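Reader: Before accepting the descriptive terms applied to a structure, I should like to see the reasoning behind them. Would you take me through it?

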Amino acid sequence: VGSFFQEQPVLKNPFLEDALLRGYLKRHLPQEAILSDLNAFGERVAKVIDTWGRQCELNPPRLVHFDPWGRRVDHIVTSEAWKRLKDLSAQEGLVAIGYDKSFGEWRRVYQMSKLYIFSPSSGLYTCPLAMTDGAAKVIQSGGVSPPVEEAYRRLTSRQPERFWTSGQWMTERQGGSDVGTGTETVAVPQADGSYRLHGFKWFTSATDADMTLTLARVQDTSGSTTPGSRGLSLFYAEVSRDEDGRLRGIEVQRLKDKLGTRQMPTAELLLDGLPAYRLSEEGRGVASIANMLTITRIHNSVSAAAAMRRVLQLARDYATRRTAFGKLLKDHPLHMQTLARMEVETRAAFLLVMDVCRLLGREESGLASELDLHLLRLLTPVVKLYTGKQAVAVVSEGLESFGGQGYIEDTGMPGILRDAQVLSIWEGTTNVLSLDVLRCVARSSGMVLHAYFAHVKSLLAGATGVSSLDPAVKAVGGALSELEQFVQIAASRSPSYLELAA
Ligand code: MFK
Ligand code: FAD
């Protein structure tokens, strides 16, 4: 009934559509080969990959516990599209670029720009990629040597048949934020210097990974362990099967039934003698896995900014196709004001995220100044907590800009909102990351804050095309000196930054 059918919003090349991304790269990374790779990848995302991401949503993973003859197999069955996304991730170098020295200090900006284009169409394959990148970073930081040399090569490989993904098994039933208190898993030393892990991991995402990094307490000869975070060590384990097809030392208890991120499996795992190698010194597990947290938190922020950008791109396109009250949505000033507000939020998120990626690239290429290192430490939790929250708000606003259609499942919009909601929870909740900010202020005796003040001042001084008399520039300058004064007064009244943080 009726002859009207609304034209749907069209996903166009997310690289070409994103003037801010292109402008940023042209300013900082004007290498034709990189720009044309991103352009070609953007075309692939819009024409092919987005459909694979959608297929992952429509064909969520399932767990097969037993074979037809009753043998325990614990197979996590994933969609064809999910498998294709793994191969594509290798071919496109979505982890490898971050470790490719030929891109110098810009390796991370290049890699993260690619992930930013990919993320909203990736069927959440960005989750295993984040953990894979984090694992490679931990291995690299500790020195790539046996038994993890081969794993490192595979994690950073561009060859699909060699490429491995990694898990990050930290959370247990008692402790996700407080892993120091909550980790019950024990590591029993073996005669050959390896360990067997026994415990229960409560959340393990992308559980079809080839290996994992995890935390456990080393048991001494009397069977006792050291409590608290000083008792935790970091372990490397491969996920493999024995000759009967059973997982070695692992039972998959069940898959989580989740609000979002349904494209990928998140399992509860019983570790029942999982063979493992200790990667950190005994008791240095949390400090050692912190490298992984830095990387995965940056990936999280990239995904958050990308979700905002995607919903906004679609909303802008829709505004040129949908008519209400006799004119297109784009001609309604109030609607455009809503989109403009989303644009400002998205730009702010993007610029902050890219600045952190730039700092990471500088650190990894040995070019970082002391100021850069302080900024990277401070801004990593800040960008994760800020963009995680912001993504939920902006994506929610974005859904409303499609009216009722934004609420309809097969438009794909509800999935974007569901997936945004996790960004503030995993990899450290907002409050836990706020405490991490205070921790790094305290441990650096306030140096991270001084680095931040110096950085913002230099940005203000170097801003081209804006006058120092511009009200916005004056407002930022004013707020900054107020904050600086506050920190100075607080520090002078408090004997140590540790107390100040508390
Ligand atoms: C699309 C993107 C997808 C991303 C992938 C998502 C997949 C999902 C994966 C997960 O969710 S994995 C689980 C993530 N879990 C967390 O993020 C845990 C959140 N909790 C915290 O971050 C707590 O703050 C923490 C566990 C680190 C607290 O532990 P402790 O033992 O109370 O920490 P403590 O004693 O303050 O610090 C221990 C050492 O670690 C110190 O080093 P030192 O001993 O040398 O002084 C700290 O400086 C160091 N450290 C802690 N956090 C750090 C850090 N170093 C650098 N950066 C940090 N952020
Ligand atoms: P809790 O630590 O119990 O926190 C509950 C609340 O208390 C939160 O609001 C938190 O902010 C607050 N809180 C805690 N401590 C403090 C404090 N000191 N001050 C103020 N507030 C505080 N984990 C893995 O290890 N690997 C995975 O692959 C993985 N995948 C996940 C996938 C999904 C879809 C989800 C939802 C989670 C996943 N997690 C994974 C777990 C995730 O990292 C944890 O859920 C998260 O870190 C929070 O831990 P928790 O659930 O124990 O919450």
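**Cavities, a helix pair and a pocket**

Author: In this predicted model, the count comes to 2 cavities of 30 Å³ or more. The largest cavity has a volume of about 50 Å³, and the second largest holds about 30 Å³ of space.

Reader: What makes a space a cavity and not a pocket?

Author: A cavity is a set of points where a 1.4 Å probe fits but cannot get out, whereas a pocket is an open set.

Reader: Which residues line the largest cavity, and how do they divide by class?

Author: The lining consists of Pro14, Asp18, Tyr116, Ile117, Pro120, Ala306, Arg309, Arg310 and Gln313. Two elements, α4 (107-118) and α8 (285-319), give two or more residues each, and the largest share, 4 residues, comes from α8. By class there are 5 nonpolar, 1 polar and 3 charged residues. Tyr and Pro count as nonpolar, so Tyr116, Pro14 and Pro120 fall in that class.

Reader: What lines the second largest cavity?

Author: Val10, Leu11, Lys12, Glu17, Gln313, Leu314 and Asp317 line it. These divide into 3 nonpolar, 1 polar and 3 charged residues. Gln313 belongs to this lining and also to that of the largest cavity.

Reader: Why are α1 and α9 called roughly parallel?

Author: The axes of α1 (residues 19-28) and α9 (residues 333-364) cross at roughly 30 degrees. Angles under 35 degrees count as roughly parallel, and the two helices are therefore described in that way. Their axes come within 11 Å, and the crossing is right-handed.

Reader: How do you know that α1 and α9 meet, and which residues are involved?

Author: Contact means heavy atoms within 4.5 Å. Leu20, Leu21 and Tyr24 in α1 meet Arg347, Phe350, Leu351, Met354, Asp355 and Arg358 in α9. The residues of this contact divide into 6 nonpolar, no polar and 3 charged. Arg and Asp count as charged, so Arg347, Asp355 and Arg358 are placed in that class.

Reader: Which elements supply the lining of the second largest pocket, and what is the volume of that pocket?

Author: The volume is about 970 Å³. At least two residues each come from α1, α9, α10 (370-400), α13 (447-462) and α14 (471-493), and α9 gives the most, with 5 residues. Of the 21 lining residues, Leu351, Leu352, Asp355, His455 and Leu459 lie nearest the centre of the pocket. Leu351 and Asp355 also take part in the contact between α1 and α9.

Reader: How does the lining of the second largest pocket divide by class?

Author: There are 15 nonpolar, 3 polar and 3 charged residues.

Key:
Residues numbered from 1 in each chain as written. Chains lettered and ligands numbered in written order. Predicted model: local features only at pLDDT ≥ 70, side-chain atom pairs only at ≥ 80, totals over all residues. Heavy atoms only, no water. 1 Å grid on protein atoms, 1.4 Å probe; cavity = no way out; pocket = protein on both sides within 12 Å on 5 of 7 lines; lining within 4 Å. Points joined across faces, edges and corners; volume = space filled by probe spheres on them. Axes fitted to C-alpha atoms, helices over the stretch in contact; angles between N-to-C directions. Parallel < 35°, antiparallel > 145°, perpendicular 65-115°, else oblique. Left-handed = near helix turned anticlockwise from the far one by under 90°.
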